[in-house]
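Let's take a walk through this fold, helix by helix and core by core. Have the model open alongside as you read.

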Amino acid sequence: AIVVPDGTRFLPGRSKATDSTLIKALSRAWRWQKLLDAGASGSIAEMADKEGINRSYLSRTIRLALLAPDIVEAILNGTQPATLQLSDLEQPFPIDWEAQRTAFGFRANPAQ
């Protein structure tokens, strides 16, 4: 089970295309963002030291908490574009959700 940002449990009907590397990175990003929001660490540097990980890695990974909700859902369901790799998400990406969809090969959000 995965606990989504609103706290509900999500039991996806995952496809065979689920990427455990992407899912693990998303999980870490949300966990670290939650710790920052709660004040458990005062900065990325402090959190990296507490976690015993590289500051650069934490900085690149925590940005995944800024992904559009439909992109996160697609990754969890395994319906993301087949070409999407963690290395793509570790590069600087736009904050704007529509620009993210374009950058990562998702179709426009039909709800808009």
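Two residues are in contact here when they have heavy atoms within 4.5 Å of each other. Take Ile71: once its neighbours within four places in sequence are set aside, Ile71 is in contact with Gln100, Arg101, Phe104 and Phe106. Before going further, a word on what you're looking at: this is a predicted model, where local features need pLDDT of at least 70, side-chain atom pairs count only at pLDDT 80 or more, and totals for chains, interfaces and linings use all residues. Residues are numbered from 1 along each chain as its sequence is written, and side-chain values use heavy atoms, with hydrogens and water left out.

Ile71 sits in helix H4 (69–77), helices being DSSP runs of H or I, at least four residues, numbered from the N terminus. The buried residues of H4 (under 20% relative accessible area, with a 1.4 Å probe and protein chains only) are Ile71, Val72, Ala74, Ile75, Leu76 and Asn77. Just past the end of H4, Gly78 has a positive phi of about 80°.

Now for the nonpolar cores, meaning sets of buried Ala, Val, Leu, Ile, Met, Phe, Trp, Tyr and Cys residues joined through side-chain atoms within 4.5 Å. The largest has 20 residues, and those touching the most other members are Leu26, Leu64, Leu67, Ile71, Ile75, Leu89 and Phe104. Helix H1 (20–38), H4 and helix H5 (86–90) each supply at least two residues of this core. Apart from it there's another core, of five residues, including Met47, Ala48, Leu58 and Ile62.

Those four names come back where helix H2 (residues 44–51) meets helix H3 (residues 55–62): Ile44, Ala45, Met47, Ala48 and Asp49 of H2 touch Arg55, Leu58, Ser59 and Ile62 of H3. The residues of this contact split into six nonpolar, one polar and two charged. How do the two helices lie? Their axes (lines fitted to C-alpha atoms over the stretch in contact, with angles from 0 to 180 degrees between N-to-C directions) come within 9 Å and cross at roughly 115°. That makes H2 roughly perpendicular to H3, a label covering 65 to 115 degrees.

H2 also packs on H1, at an angle of about 120° with the axes 11 Å apart. H1 is therefore oblique to H2, since angles under 35 degrees count as roughly parallel, over 145 as roughly antiparallel, and whatever falls outside these and the perpendicular range as oblique. Arg31, Trp32, Leu35 and Leu36 of H1 make this contact with Ile44, Met47 and Glu51 of H2.

How values were computed. Nonpolar A, V, L, I, M, F, W, Y, C, P; charged D, E, K, R; others polar. Buried < 20%, exposed > 50% of the residue type's maximum accessible area, 1.4 Å probe, protein only.
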